[in-house]
Amino acid sequence: MMVHVAVQAAPFDVGVETERLSALSPLTGGVGLFVGQVRGGQGLRAMTLEHYPGMTEATLHALAQEALARFDLTGCTVIHRVGRLEVGAGIVFVGAGAAHRGAALTATSFLIDRLKTGAPFWKREEYDDGRTIWVDARETDEEAARAWMNNPTA
């Protein structure tokens with residue numbers, strides 16, 4: 001399978017996922033990766049991610065298929081965690097394999113930019129002082145996603 005998409009509570013293993021992606025095709029010359037994690041600071045203790053089951057997986061799969069075709073990838077992996085994640089925990093793994101590094105790295109950027117605003121996830125931050133805050137998409141994330149949609153040749 002050239003596309004692997006998962007939404008899961010369990011941690012992912014970056015080494016295992018990278019190895020799996022590298023082994024998909026003998027034409028793979030480079031693998032681009034992005035691993036996102038819960039960033040601490042200002043008393044942040046944890047983040048809880050909720051999603052819309054079925055719709056979330058379908059959205060991630062559609063984005064992965066788009067990247068596969070758009071960047072001529074040899075493989076693509078998108079894993080997004082849900083549930084309560086403490087500071088430092090991995091949230092998302094995005095990997096793209098391609099014949100050349102440029103396509104792999106560009107596809108990785110495309111995927112993370114598009115899923116940040118296009119996938120149905122809801123994030124709630126939990127602070128040391130007991131506050132909880134639902135997090136909206138940042139305008140910079142929206143701009144990055146729009147740039148990919150407005151430039152079909154990128």
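This report walks through the fold, the core, the salt bridges and a surface patch of one protein chain.

First, some ground rules: this is a predicted model, where local features need pLDDT of at least 70, side-chain atom pairs count only at pLDDT 80 or more, and totals for chains, interfaces and linings use all residues. Residues are numbered from 1 along each chain as its sequence is written, and side-chain values use heavy atoms, with hydrogens and water left out.

**The overall fold**

The protein chain has 4 helices and 8 strands; helices (H or I, at least four residues) and strands (E, at least two) are DSSP runs, numbered from the N terminus. Start at the N terminus and you'll meet them in the order β-α-β-β-α-β-β-β-α-β-β-α. The C-alpha trace spans about 50 × 35 × 30 Å along its principal axes. The radius of gyration of the protein chain is 16 Å, which agrees with the value near 15 Å for a compact globule of 154 residues. That radius is taken over C-alpha atoms, and the globule rule is 2.2 Å times the number of residues to the power 0.38.

Contacts (heavy atoms within 4.5 Å) often reach far along the chain here: among those between residues at least 6 apart in sequence, 76% join residues at least 24 apart.

**Inside the protein**

Of the 154 residues, 40% count as buried. Buried means under 20% relative accessible area, exposed over 50%, and partly exposed in between (1.4 Å probe, protein chains only). In soluble globular proteins, nonpolar side chains tend to be buried together.

The largest nonpolar core here has 33 residues, and L73, C76, L111 and L115 have the most contacts inside it. Such a core is a set of buried Ala, Val, Leu, Ile, Met, Phe, Trp, Tyr and Cys residues joined through side-chain atoms within 4.5 Å. Among the elements giving two or more residues to this core are β1 (3-8), α2 (55-70) and α3 (101-118). The largest share, 6 residues, comes from α3. Take C76 as an example: leaving aside neighbours within four places in sequence, C76 touches residues including M2, R20, A64 and L111.

**Salt bridges**

Side chains of opposite charge can pair when their charged atoms come close. A salt bridge is a side-chain nitrogen of Lys or Arg within 4 Å of a carboxyl oxygen of Asp or Glu, and by this rule there are 9. Here are some of them:

| Pair | N to O distance |
|---|---|
| E66 and R70 | 3.5 Å |
| R114 and E66 | 3.4 Å |
| E126 and R84 | 2.7 Å |

Why are E66 and R70 about one helical turn apart? Because they sit 4 residues apart in helix α2. E66 is partly exposed at 31%, and R70 is partly exposed too, at 22%. R114, in contrast, is buried at 14%. R114 in helix α3 and E66 in helix α2 are 48 residues apart, so their pair links distant parts of the chain.

E126 lies in strand β7 and R84 in strand β5 (residues 83-86), so this pair ties together parts 42 residues apart in sequence. Both belong to a salt-bridge network with R45, E86 and D128.

**A patch on the surface**

Y52, M55, W122 and W134 form a nonpolar surface patch with about 470 Å² of accessible area together. W122, in strand β7 (residues 121-127), is partly exposed at 42% relative accessibility.

Methods: Patch = residues over 30% accessible without salt bridge, like charges linked within 9 Å, V, L, I, M, F, W, Y side chains within 5 Å. Areas by Shrake-Rupley, 256 points an atom, 1.4 Å probe, with all protein chains shown as cover.
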